[in-house]
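Dear colleague,

I am passing on the structure that we talked about, and below it you will find my notes on what came out of the analysis. Please read them with the model open beside you.

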Amino acid sequence: MYRPYPPRWITKKRFIQVGNSLLLSKQFHALSTGSRFLYFCMAMESGGRKNFILPQKDAKKYGIAPSSLRKHINELEAARFISCLLYT
């Protein structure tokens, strides 16, 4: 069956653009898969803002359990990909 281009998932209004410098960096590759996924989810939720809030309900919509969220945030902070001003 022929599908017209672009695929349906590309026509969504929100997207993020990821550069090679991030995708190919050794520091990014050293992160766990869950932390890399959370980083992309945070990029989506931030909407380009440097400071933003990521509620647990938003992480949950991406399939990230509350028990995993803190672990991945800690890993991203330790690797200096993010810095948290407040975590509740």
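**The chain as a whole**

Of the 88 residues in the chain, 24% are buried. Please keep in mind throughout that this is a predicted model, in which the chain averages a pLDDT of 87 and 83% of the residues score at least 70. Where pLDDT is low, the predicted coordinates should not be read in detail. Among the elements of the chain, helix H2 (residues 26-30) has the highest mean pLDDT, at 97, while H4 has the lowest, at 92.

The secondary structure consists of five helices and zero strands, so that, read from the N terminus, the order of elements is α-α-α-α-α. If one takes the contacts between residues at least 6 apart in sequence, 51% of them join residues that are at least 24 apart. The chain exposes about 7,200 Å², of which carbon and sulfur atoms supply 58%.

**Helix H3 and what covers it**

Much of what I have to report concerns helix H3, which covers residues 33-46. Its 14 residues should span 20 Å at 1.5 Å a residue, and the C-alpha atoms at its ends are indeed 20 Å apart, which agrees with that expectation. The buried residues of this helix are Ser35, Leu38, Cys41, Met42, Met44, Glu45 and Ser46, and what covers them includes helix H4 (56-61) and helix H5 (66-78).

Glutamate 45 is a charged residue that you may want to look at for yourself, and it counts as buried because its relative accessible area is 12%, under the 20% cut-off. Leaving out residues up to four places away in sequence, glutamate 45 touches Arg14, Leu54, Asp58, Lys61 and Tyr62.

Phenylalanine 40 also belongs to H3, but with a relative accessible area of 23% this residue is partly exposed. Its contacts, apart from neighbours within four places in sequence, are with Ile16, Val18, Leu22, Leu23 and Phe28. Phenylalanine 40 and glutamine 17, which are 23 residues apart in sequence, have C-alpha atoms 9.6 Å apart.

Glycine 34 lies in H3 as well, and at 24% relative accessibility it counts as partly exposed. The C-alpha atoms of glycine 34 and histidine 72 are 6.6 Å apart, although 38 residues separate the two in sequence.

**The nonpolar core**

The largest nonpolar core has 14 residues, and those that touch the most other members are Leu38, Met42, Ile64, Leu69, Ile73, Leu76 and Phe81. The elements that give two or more residues to this core are H3 and H5. For isoleucine 64, the contacts beyond four places in sequence are Phe37, Leu38, Cys41, Ala59 and Leu69.

**The cysteines**

How many disulfides does a search of the whole structure find? The search finds zero. As for the two cysteines that I looked at, cysteine 41 is buried, with a relative accessible area of 4%, whereas cysteine 84 is partly exposed, with a relative accessible area of 30%.

**Two residues with positive phi**

Just after H3, glycine 47 takes a positive phi of about 60 degrees. Glycine 47 sits in the loop between H3 and H4 and is exposed, because its relative accessible area of 59% is over the 50% cut-off. Between glycine 47 and isoleucine 16, which lie 31 residues apart in sequence, the distance from C-alpha to C-alpha is 8.7 Å.

Arginine 80 has a positive phi of about 65 degrees although this residue is not a glycine. Arginine 80 is placed in the segment after H5, where it is exposed, with a relative accessible area of 77%.

With kind regards

How values were computed: Residues are numbered from 1 along each chain as its sequence is written. This is a predicted model: local features need pLDDT of at least 70, side-chain atom pairs count only at pLDDT 80 or more; totals for chains, interfaces and linings use all residues. Side-chain values use heavy atoms; hydrogens and water are left out. Helices (H or I, at least four residues) and strands (E, at least two) are DSSP runs, numbered from the N terminus. Buried means under 20% relative accessible area, exposed over 50%, partly exposed in between (1.4 Å probe, protein chains only). Contact means heavy atoms within 4.5 Å. The expected span of a helix is 1.5 Å times one less than its number of residues. pLDDT is the predictor's confidence in each residue, from 0 to 100. A nonpolar core is a set of buried Ala, Val, Leu, Ile, Met, Phe, Trp, Tyr and Cys residues joined through side-chain atoms within 4.5 Å. A disulfide is a pair of cysteine sulfur atoms within 2.5 Å. Accessible areas come from the Shrake-Rupley method with a 1.4 Å probe; for residues, only the protein chains shown count as cover.
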